[in-house]
Amino acid sequence: MPVKRSFAQSAIRYAAVLALVLGPVEFYRRLLPVNPTTVALTFLLGVLIVSAFWGLRYALVLALAATLAFNFYFLPPVGTFTVADPQNWIALFTFLVTAVIASQLSESARRETRNANQRRREVERLYAFSQRLLAADNVAALLNAIPAYICEIFGGSSAALYLLGSRETYRSHPRSEAPSRDDLQAVSTRGEPVLDAQRSLSLAPLRLGARLTGAIGIAGVVLSRETLEALGGLVAIAIERAGAVEKLGQAEAARQSENLRTALLDSVTHELRTPLTGIKAAVTSMLLGSELNESQRRELLTVINEEADRLDRLVGEAMEMSRLEAHAVELRREPVAIATVIQSALTESKTVLGPHPVEVRVAESLPKVQIDPARIVEVLKHLLENAAKYSPPEAPIVIIAEARDAQLITSVADRGPGIDDFEQALIFDKFYRGRDQRYRVQGTGMGLAIAKAIVEAHDGALGVTSQLGHGSVFSFSLPLARM
């Protein structure tokens, strides 16, 4: 079918070439008589146009036919191929040579333009391909995607990627057999691109400097050698880059994990050692102090009891955090007024709050929230304890609740030292404690993490707004109860 179409196209063009000779002949002979120079220039213009659009072979046929017509119809004696005047021979020969040279120059310019356009399109495709490659950081996903990218951007029917190290082949279509594995292995070993026009196959090695890492192949299209080499280099660099990014991510994850373990050991060791030190000191005093009176013995027993409670709380918070993270806590939700929850939290936090005055600003008309009251009381206790620990003695603490956009927003404001922007992103992490307060203020570093987990289990959110030297405001949102 393509052969028939090509033959028909050539026949039409040759007929058009003949028309380009006969047309000017009839026009100048019958309608507008002119001198031979004008006729020659007209034929020459036709030769240039045909060469520019259809190529050299059609232009040469037109030049030969125009020379014969020019001689027969316009050079004396008219109506014969005889040339009487020697100057006319020179003119005829000059016309033929000029037409041929013009045809060749026009064909050369046409060919260069075609090649330049092809190189431009290939550069655009290489750029688009590089953009796709840079978007991927996962090696496995990139290896599976590269053949499909090549087919999509360069227009091939199928593509394949072969890696020397793993001896794995990745294809754009699982059932495709082209390019074959043998072809890819041969190119990756030799290190030279292969352009097989007969099989419509393009193959290129993957090269990083002098090191060969594999091969890439595309079937259904033949690319230029320069484009193939650039394509192989881009793929090799992209795979190396994705591997480096992945290793860097793993190294960063390992470093973060190590930092977390260090913070955990630091926090837990400090928190365990403090009550154990108190218990050990009290027990030692009781064992060695044979002359202790009843009051002294009771004081030491009270220390032991308080420090044991502190240890029990530490273990309890760790267990609760573990259950919350595993979503093993069942919420018992019911519609509750937030004022009731705040009052319960204040009652249970009297000891922790100490001399801090607490101001509560809650409107009586606030709608109820669908929550587990005991859990939200726990959230408020953690926030109140946090505010009391980090605020100066007798500094006021303010609790505000307001409805906003189908949410109930509850805030606890203190007048502590404030939290800088860097630490605001870390304080809700487990075991994290402020850099400047880590050893000055007692705590496990789990209170805010527990509060955040409980709020999120209620489909809410917990956040902080802070200004250094002026205090912090911790706010959490809860969905309103449906009426």
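Trainee: Which residue in E5 does Tyr162 stand opposite?

Mentor: In this predicted model, Tyr162 stands opposite Ala215 in E5.

Trainee: What makes strand E1 and strand E5 a pair?

Mentor: Strands pair if there are at least two bridges between them. Six bridges join E1 (residues 158-163) to E5 (residues 211-219), so the two count as paired. They run antiparallel.

Trainee: Why are E2 and E3 called edge strands?

Mentor: The open sheet has five strands in the order E2-E1-E5-E4-E3, with antiparallel pairing. Strand E2 (169-171) and strand E3 (194-196) each pair on one side only. Neighbouring strands of the sheet are turned by 15° against each other on average, direction ignored.

Trainee: Which helices lie on these strands?

Mentor: Helix H5 (residues 139-154) lies across E1, E2 and E5, at about 145° to E1. Helix H6 (residues 181-190) touches E1, E2, E3, E4 and E5, and its direction makes about 140° with that of E5.

Trainee: What makes the set that includes Val341 and Phe474 a nonpolar core?

Mentor: A nonpolar core is a set of buried residues of the listed types, Val and Phe among them, joined through side-chain atoms within 4.5 Å. Buried means under 20% relative accessible area. Val341 and Phe474 belong to the largest such core, which has 38 residues, so both are buried. Helix H11 (373-390) is one of the elements that supply at least two residues, and H11 gives the most, with eight.

Trainee: Which residues does Val412 touch?

Mentor: Among them are Leu380, Leu384, Ile399 and Phe474, not counting residues up to four places away in sequence.

Technical notes. Residues are numbered from 1 along each chain as its sequence is written. This is a predicted model: local features need pLDDT of at least 70, side-chain atom pairs count only at pLDDT 80 or more; totals for chains, interfaces and linings use all residues. Side-chain values use heavy atoms; hydrogens and water are left out. Buried means under 20% relative accessible area, exposed over 50%, partly exposed in between (1.4 Å probe, protein chains only). Helices (H or I, at least four residues) and strands (E, at least two) are DSSP runs, numbered from the N terminus. Contact means heavy atoms within 4.5 Å. Axes are lines fitted to C-alpha atoms, for helices over the stretch in contact, and angles run from 0 to 180 degrees between N-to-C directions.
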